[in-house]
Amino acid sequence: MSTGFKGGCLCGQVQFTSSADPLVAGHCHCTDCRKTSGTGHASNLCVPSAAVTIEGDLSSYARPADSGNIVTRMFCPKCGSPICSHNNAMEGMTFFRASVLDDPEVYQPQMAVYRSRAPSWDHADPNIANFDVMPEGGPEQAIAEASFE
Ligand SMILES: [Zn+2]
Ligand SMILES: [Zn+2]
């Protein structure tokens, strides 16, 4: 198995490569993720930004999350596909959307956060860790704990 993964947007204008495998991966049911997802949650995988190469133009939209941290979401300005996001409390990390992976099986969710905000039709996966909100300590802690599983 090779390390890392590739992906791109619907129109192909944006292409990205990560030389690292995901550190952590999970569904987020927060309202901001839902509104940019096309369904009840976003599926995100986190890698060190140092391992990431992105080609093409990206538009971005930044807004505070519940935590007060600023989350900047990047998307293709031509086709609108969400590509990745950054959190100002987690410098050096890039969160890619599973939806734009060339091989969607690279995404293997370990957890779901903000389950309490999920619509009734977006069912919980009993095989992963489900959190009503963000686990205490925020995404940093979630990543630290998931990494030691
Ligand atoms: Zn595009
Ligand atoms: Zn979210």
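## Overall layout

Read along the sequence, the protein chain follows the pattern β-β-β-α-β-β-β-β-β-β-β-β-α. That makes two helices and eleven strands, where helices (H or I, at least four residues) and strands (E, at least two) are DSSP runs numbered from the N terminus. This is a predicted model, in which local features need pLDDT of at least 70 and side-chain atom pairs count only at pLDDT 80 or more, while totals for chains, interfaces and linings use all residues. Residues are numbered from 1 along each chain as its sequence is written, and chains are lettered from A and ligands numbered from 1 in the order in which they are written.

## Size and packing

The C-alpha trace of the protein chain spans about 35 × 30 × 30 Å along its principal axes. The radius of gyration of the protein chain is 14 Å, which agrees with the value near 15 Å for a compact globule of 149 residues. The radius is taken over C-alpha atoms, and the globule rule is 2.2 Å times the number of residues to the power 0.38.

Buried residues make up 32% of the 149 residues. A residue is buried if 20 or more other C-beta atoms lie within 10 Å of its own, exposed if 12 or fewer, and partly exposed in between, with C-beta atoms placed from the backbone. Among contacts between residues at least 6 apart in sequence, 54% join residues at least 24 apart. Two residues are in contact if their C-beta atoms, placed from the backbone, lie within 7 Å.

## The sheet of three strands

Strands S1, S2 and S5 form an open sheet in the order S1-S2-S5, with antiparallel pairing. The edge strands S1 and S5 each pair on one side only. Neighbouring strands of this sheet are turned by 10° against each other on average, direction ignored; the axes are lines fitted to C-alpha atoms, for helices over the stretch in contact, and angles run from 0 to 180 degrees between N-to-C directions. Two strands pair if DSSP finds at least two bridges between them.

Strand S1 (residues 5–8) and S2 pair over four bridges in the antiparallel sense, and Gly7 stands opposite Phe16 in S2. The two strands form a hairpin with six residues between them, and Gly12 in the turn has a positive phi of about 90°. S2 also pairs in the antiparallel sense with strand S5 (residues 52–55), again over four bridges. Here Phe16 stands opposite Ile54, and Ser18 stands opposite Val52. The side chains alternate along S2 (residues 15–18): Phe16 and Ser18 point to one face and are buried, while Gln15 and Thr17 point to the other and are not.

## The sheet of eight strands

A second open sheet has eight strands in the order S6-S7-S8-S9-S4-S3-S10-S11, and its pairing is mixed. S6 and S11 stand at the edges with a single partner strand each, so one side of each is left without a neighbour in the sheet.

At one edge, strand S6 (residues 59–64) is hardly covered, and the count of buried residues among its six residues is zero. S6 pairs with strand S7 (residues 70–75) in the antiparallel sense over six bridges, and Pro64 stands opposite Ile70 in S7. These strands form a hairpin with five residues between them; Gly68 in the turn has a positive phi of about 90°. At the other edge, S10 and S11 run parallel and are joined by two bridges. Met111 stands opposite Ala129 in S11.

## Two single residues

Pro48 lies in strand S4 (residues 42–48). Pro48 counts as partly exposed because it has 13 C-beta neighbours inside 10 Å. Leaving aside neighbours within four places in sequence, Pro48 is in contact with Ala20, Gly92 and Met93. Pro48 and Phe95 are 47 residues apart in sequence and 8.8 Å apart in space, C-alpha to C-alpha.

Tyr114 is found in the loop between strand S10 (111–113) and strand S11 (129–130). Tyr114 has 21 C-beta neighbours inside 10 Å and therefore counts as buried. The phi of Tyr114 is near 60°, a positive value in a residue other than glycine. Most residues other than glycine have a negative phi.
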